[in-house]
Amino acid sequence: MSPDGRHVAFTASVDRAGGVPGSPIVIDTLDDKEDGRGWIGAVRRHVFVLALDTLRVRQITDGDFDAGEPAWSPDGNRLAYVAGLEPGADLSRERRAYAVELDDPLAPLLPLGHARGLAGPVVWTPDGGSVVAVGMPAPAVGNARLLRLHLDGRDDVDLTAGLDRNVMPGASGYPGGRPALSPDGEHIVFCARDRGWTHLYSVRLADGHHRRLVTDPHYVVSALSVASAASRAAVVVTTPASFAEVAIVDLERAEHTTLTNLMGASLPGVELHRPEPRQFQISDGTVVHGWITEAPDTRGSGPLLLDIHGGPHNAWAGVADDIHLYQQLLVSRGWRVLTLNPRGSDGYGEEFLRAIDGGWGRDDLRDFLEPIDQLIAEGIAHPDQLAVTGYSYGGLSTCVLTAHTNRFAAAAAGGLLCDFAAVGGQHLPEGFFAAMTSDADPLDVVPLTRLSPISRVGRVHTPTLVLHGADDDTCPVEQARQWFTALRLQGVPSRLVVYPGGNHLFIADGPIDHRVDYHARVVAWMEQHTRSAPRPAAISPAPRDPGHWRRRLELLCDRYAVPGAQFGIVQLDANGVPFDRVIVGAGTTDVSTAELVTETTIFQIGSITKVWTTTLVMQLVDEGLLDLDAPVRRYLPDFALGGDPSPTVTVRQLLTHTSGIDGDVFTDTGTGDDCVRLYVEQLASVGRIHEPGARFSYCNSGFVVAGRIVEALRSVTWDEALRRYVIEPLGLDHTISRTEDAPRFSAAVGHSGDPATPVTTWPITRSMGPAGLVVSDLDDLLAFAETAMRGGVAPNGTRILSEASARAMTRESVDLRGTAVATQGWGLGWFLQDWNGRSVYGHDGGTIGQRAFLRVFPETGFALALLTNGGRADGFAAELLAEAAAAIDGSTPPPPLRPDPARPVDAPSGCWEAAGLRIEVSTEDGEARISITDLKDVLRSGEQGEPVSTSLYATDLPGVYAHQLPDIAGWEQFRPVQAGAYLGYRFLPEVTS
């Protein structure tokens, strides 16, 4: 605003070529691109003046240069600005201050002072005889000064000569404020950096005497605005406790008052982890200042992240930092974060600032490595859990460090440089990359290449995440691609993430979703590669994002005619803390309503319930109330089976499907609280299909008996025991076992047939609850899986099961290698599988039109779960679970059963039957056929279902035959054995037709 308030001066872009969009870009200087603007071509920034009374706009400057921010002279007749007008300014990097007469277009442009390394802005002195500008006498790396430039040609005066600190006019990532004249006209109020902190000072124009105004340790001042008629200034203050608060500064008393509580108002109850200052003595005597951030409850040696700032002439400040929020996230997970201001950092004097000129990535190496050694010696950092990250110069340093040493378990390099030769001719305001990085000429390709990190990339073994803005014109994205390509070619786990539209500073001012994504990816990468078990065979070097899995879910729903599904992944670090948790939904809960499946829709998990019931039983073991090897009758004295009033079945045999009880008895005994007791009583009329312990046969009935034992010892219903001892301690809020609770949630409906039709019956009978009545969403199911992986400790820290009991559940109790195709054994509740050498436990579940699948990979600390509501869900699960496991740790599932049509079928003809199934095998016209009749409907309604007849094929497994049913995508086994046959997991005694 002009002194008389009638005009506004500003800068705006001008296309001096007058081209139309899409015209060729003509380049004659090295000022061809600018970060955030892209290709400049003939577009330049120039000064304009707006008359507020007429709204007329006049262009004041013109030419092949960019004009800096204009400043009005006290009389309003001139505008001063900084620009590079000299020929070859793109090579020399010279920028001077000039003044232009507004009302005399023929008046010559007036150079102000002699300084040639100015950055601006400029401030007029009250007498109009000089300006004060931010910059240096000549282009160079060093502290920016406040230079007084006289109009009469006198020598320039460095007003900050005695300060030896960098003046900070303010920029993204470089906090500060525009210098301003004090109300008395005798001082310049300005910001300068000291030990990483941007502080507020004033300097007297007459003699250069400077005074500290706001210089509290761990205070960062920015956004300076000085009042024109009162000795006051407004600033924004950042502290360890707050990202930004507005304060008023009394310029005479050098006191400030904070006016706001923005942190408390916007994030009530949130307390940031505060960095604690440290100093490290380097072997050559240099002292390096830094901070360690840790949670108050962090103890002992643990993971350490070294985070390297950019610049290199920037600095950490040990205050709240919204650009690097991943630090807070990692600290909350038990990490410590080390931030250092090594040689080259700002705020420690010009000698320190220039200490790495020409030696980027080399002269400061020990400043990073020796503090880490000290922290290891102090027992703070674990030598096997070190990670490194950084952005811009920090990204370059990350590349350098990982090429220098293999001590880091993980690295994340953002906005990096790796090939000095490729960018030698590019420049920052203070000079060319070639000189700053390597003390070389831009044309000295050989030494630039030799000194580049890319020349040593072959030494890198550290898993590295590379993150870069696609439109970065400071450190071109090709640098990131070059580093990633080299790592990929030599087999180093690596991932390149490119952010569309992102400039070099997108992590500070880019789209919120990109910045959030950046933080999340750094955290996940560090957790996976530093705190989880090594996964050299993983197809994907880092967790895939939810969008990928959602797209896969949608595709597979269509492929396998599944109306709706939820899929989830949880990965734990070595301490049992999740570092990757993905839950996605797709499709509909009910094709008749088209209600969408969400991440919180509940599904029936069917027989996975058996593991929950086993957990209730094992809690009784932990409490000394139950002995697994005791007979059931010790706890249920009236327990009887058909033809055996005093069965010797043990509790362990119930949990391992070896009790011999006919397993598919689905008697509905009502919805009362006594339904489980009544069900167990009616088993007195149900016979055995084999002697206890003689063989394995999947048994729903046995788990209802186990649930009844829980009821008897807890004196509550099974549903209530589940709520008290599992659901509530785990903190689950989307898990139920009672049908009447379902209306509180979005609930999936089962479907049958093709096209899918909603089933008319939603739950199985309440009497079968302990065998298959839990209803849950994916999040709660994964919480249950996490508890198993943690050895009985819930995600909220509650121990619901002893470690010994949790381990016993996954220890092989029954060998199924000669009984089942894809399952090698059974523990207590869990089935056990071998995924190409890795032990996996899990369970599947099926109810009326719904299927559920859960797999837990304890060796590498992750679990997968899938919930579906119809279609050929087995094929869906086989494809999706195999893909996810391979991506995470390279696991592959057991080979599925496949027919071999070339082999003759020598299956014996006959009939086999149990309570739930009847099968007949015969040969018709030379073709082996199997007929399967589901008898469960007889038990429920008295009506027998129609038999399903299908072809029977030989397989490459002796004595094992394959058949396929209409509602499955894969193949089921028929395996004749002595006195019976297996259909899947179920043993059916042979009967006379």
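# Exercises on a predicted model

Four bridges connect strand β21 (residues 242-250) with strand β22 (residues 255-258), and the two strands run antiparallel. The model is a predicted one, and the exercises below work through several of its strands, loops and helices.

## Exercise 1: Consecutive hairpins

Determine which residues are bridge partners where β21 meets β22, and how many residues lie between the two strands.

Solution. Begin with the pair itself: D250 has E255 in β22 as its bridge partner. Next, look at the turn, where β21 and β22 form a hairpin with four residues between them, and where A254 has a positive phi of about 55 degrees. Then turn to the other partner of β21, since seven bridges join strand β20 (residues 232-239) to β21, again in an antiparallel arrangement. Here T239 has S242 in β21 as its bridge partner, and the hairpin formed by β20 and β21 has two residues between its strands.

## Exercise 2: Two open sheets

Work out the strand order of the sheet that contains β52, and state which strands are its edges.

Solution. Nine strands make up this open sheet, in the order β50-β49-β48-β47-β55-β54-β53-β52-β51, with antiparallel pairing. The edges are β50 (948-951) and β51 (953-954), each of which pairs on one side only. As a detail of the interior order, strand β52 (residues 961-963) is joined to strand β53 (residues 972-977) by three bridges, the two running antiparallel, and Y961 stands opposite F974 in β53.

Now apply the steps to the sheet that contains β40: how many strands does it have, and which are at its edges?

Solution. Three strands form an open sheet in the order β36-β40-β37, with antiparallel pairing. Its edge strands are β36 (603-604) and β37 (735-736), and each pairs on one side only. Two bridges join β36 to strand β40 (residues 775-776), which run antiparallel, and Q604 stands opposite V775 in β40.

## Exercise 3: Two loop residues

Decide where R165 is placed and which backbone atom its side chain reaches.

Solution. First locate the residue: R165 lies in the loop between β13 (157-158) and β14 (166-167). Then follow its side chain, which reaches the backbone oxygen of G347 at 3.1 Å. Finally, list its surroundings beyond four places in sequence, where R165 touches N143, A144, A192, R193, D194, G347, Y348 and G349.

Is D155 buried or exposed?

Solution. D155 sits in the loop between β12 (145-150) and β13. Its relative accessible area is 60%, and because the cut-off for exposed is over 50%, D155 counts as exposed. Leaving aside neighbours within four places in sequence, D155 is in contact with H114 and H150. D155 and G113 are 42 residues apart in sequence, whereas their C-alpha atoms are 6.9 Å apart in space.

## Exercise 4: A pair of helices

Describe how helix α14 and helix α17 are placed relative to each other: at what angle do their axes cross, and which residues meet?

Solution. Two packed helices are described by the angle and the distance between their axes. The axes of helix α14 (residues 609-622) and helix α17 (residues 700-714) come within 10 Å and cross at roughly 40 degrees. Angles under 35 degrees would count as roughly parallel and those from 65 to 115 as roughly perpendicular, so α14 and α17 are oblique to each other. The crossing in which α14 passes α17 is left-handed. At the contact, K610, T613, T614, L616, V617, Q619 and L620 in α14 meet N700, F703, A706, G707, V710, L713 and R714 in α17.

Definitions and conventions:
Residues are numbered from 1 along each chain as its sequence is written. This is a predicted model: local features need pLDDT of at least 70, side-chain atom pairs count only at pLDDT 80 or more; totals for chains, interfaces and linings use all residues. Side-chain values use heavy atoms; hydrogens and water are left out. Two strands pair if DSSP finds at least two bridges between them. A polar contact is a pair of N or O atoms within 3.5 Å; within protein, one must be able to donate a hydrogen and the other to accept it, and residues adjacent in sequence count only if both atoms are side-chain atoms. Contact means heavy atoms within 4.5 Å. Buried means under 20% relative accessible area, exposed over 50%, partly exposed in between (1.4 Å probe, protein chains only). Axes are lines fitted to C-alpha atoms, for helices over the stretch in contact, and angles run from 0 to 180 degrees between N-to-C directions. Angles under 35 degrees count as roughly parallel, over 145 as roughly antiparallel, 65 to 115 as roughly perpendicular and the rest as oblique. A crossing is left-handed if the near helix is turned anticlockwise from the far one by less than a right angle, and right-handed if clockwise.
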